[in-house]
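Biologist: I should like to examine how the two chains meet and what spaces they leave. Please show the sequence and the model.

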Amino acid sequence: MSTWSRNNGALALSAAATCLLVGGTALAFLWVPQDADQGFSQKIFYLHVPVALTAYACFAWGAWKAWRLLSRRQDRYDLESYTAVHMGIIFGVLTLVTGSIWAKISWGVWWTWSERQLVLFLILFLFYSAYFMLRYSVAPGPARANMSAVYALFGVVLIPVSFLAIRLAGTLLHPNPVINRDGPQMSASMFGVFCVCLAGMLALAAALYRTELTGKRLDARLRELRELLA
Amino acid sequence: MTSAEKYVTAAYLVFLAVVLVYVVIFATKVSRLDRELAELTALAKGTGGRQPAAKPPVRECGPVEGAAERPVREADQGKGSGETGRFPQLPGGPGATSARQPGNSPEGERLG
């Protein structure tokens, strides 16, 4: 990793995320036509779906880092996996909250247990929430790193199940998938703005990930320094 | 403002609020790290940036250094460290010469 990237990567990602998210939101409200079925409430789609996909991406990134820890045996992957899961939880909370608001507008209820997509995402979210309980119930060291990595890898199995549930849902309440075999299930302008918002959300997650990781590494180094000087 | 508009606005505001809360939490963390770094810098400057000096080695046995130079009361010259008078001091220790004299030895007192 170059020095510039190490020093300014989070800054560049933050700037990109701000531009993409502000631009995408402005386009969603001012340029994209209203949906014929849902009307104005469909505007929440440009927030909810990118947030949900970013949560999946964070959990998958955490599982990938966990796999790297188990295969390479390098300590730094433990912190990276933990930080990615941490980011996934933040975006998971946002997914549940924005999804509930959308459900209230469209279905008249905040939550329904009959919807597979919702319940599977909740299971995924609770599974990764338990990751923290497991992690902090074990003393720091290689045993904790290995246990956390194995747990994060198990959780990744739920991601495709949750992701595909919307395609298996059939006639239930949740809206159709964004893309199916026939291509995007919306107009070109809607799909373009959705892609801008998704890119912005991924950039935001990457910026938060790098910032959080830097903070945690700094914290660990300060702790080591304190022990040396004590 | 319609009901749908209110809910959509609320959703975007929730997103913004979560990001802002995250920024506030991280700012708090950075200020804590800054404070800890300042403490450690002060600590390192106090020790000259080196490891703290090692403790002097503990002597296992033998007379205490410099004890020979210390004055001993005449009444205590035949007593050991417990001041019971039953154990004469080690040869070469303080008051060893006087301890061997019959008048000053406890045994000498009893035998005499």
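Biologist: How do the residues of the lining of the largest cavity divide into nonpolar, polar and charged?

Modeller: This is a predicted model, in which local features need pLDDT of at least 70, side-chain atom pairs count only at pLDDT 80 or more, and totals for chains, interfaces and linings use all residues. Residues are numbered from 1 along each chain as its sequence is written, chains are lettered from A and ligands numbered from 1 in the order in which they are written, and side-chain values use heavy atoms, without hydrogens and water. A cavity is a set of points on a 1 Å grid over the protein atoms alone where a 1.4 Å probe fits but cannot get out, and lining residues have an atom within 4 Å of a point. Ala, Val, Leu, Ile, Met, Phe, Trp, Tyr, Cys and Pro count as nonpolar, Asp, Glu, Lys and Arg as charged, and the others, Gly among them, as polar, and on that basis the lining has no polar, no charged and nine nonpolar residues.

Biologist: Which helix gives the most to the lining of the largest cavity?

Modeller: Both chains take part, the lining including Phe91(A), Leu204(A), Phe15(B) and Tyr22(B). Helices are DSSP runs (H or I, at least four residues), numbered from the N terminus. H3 and H7 of chain A and helix H1 (3-46) of chain B each supply at least two lining residues. The most, four residues, come from H1(B).

Biologist: What is the area buried between chain A and chain B?

Modeller: Contact (heavy atoms within 4.5 Å) joins 34 residues of chain A to 24 residues of chain B. Buried area is the accessible area (1.4 Å probe) that two parts lose on being put together, summed over both. Carbon and sulfur atoms give 78% of a total of about 2600 Å².

Biologist: How many salt bridges are counted between chain A and chain B?

Modeller: The criterion is a side-chain nitrogen of Lys or Arg within 4 Å of a carboxyl oxygen of Asp or Glu. Glu212(A) and Lys29(B) meet in this way (3.9 Å, N to O). The count between the two chains is three.

Biologist: Which helix gives the most to the side of chain A that touches chain B?

Modeller: Helix H1 (3-30), helix H2 (45-72), helix H3 (76-106) and helix H7 (188-229) of chain A each supply at least two residues of that side. With 14 residues, the helix that gives the most is H7(A).

Notes:
On a 1 Å grid over the protein atoms alone, a cavity is a set of points where a 1.4 Å probe fits but cannot get out, and a pocket is an open set with protein on both sides within 12 Å along at least five of seven lines; lining residues have an atom within 4 Å of a point.
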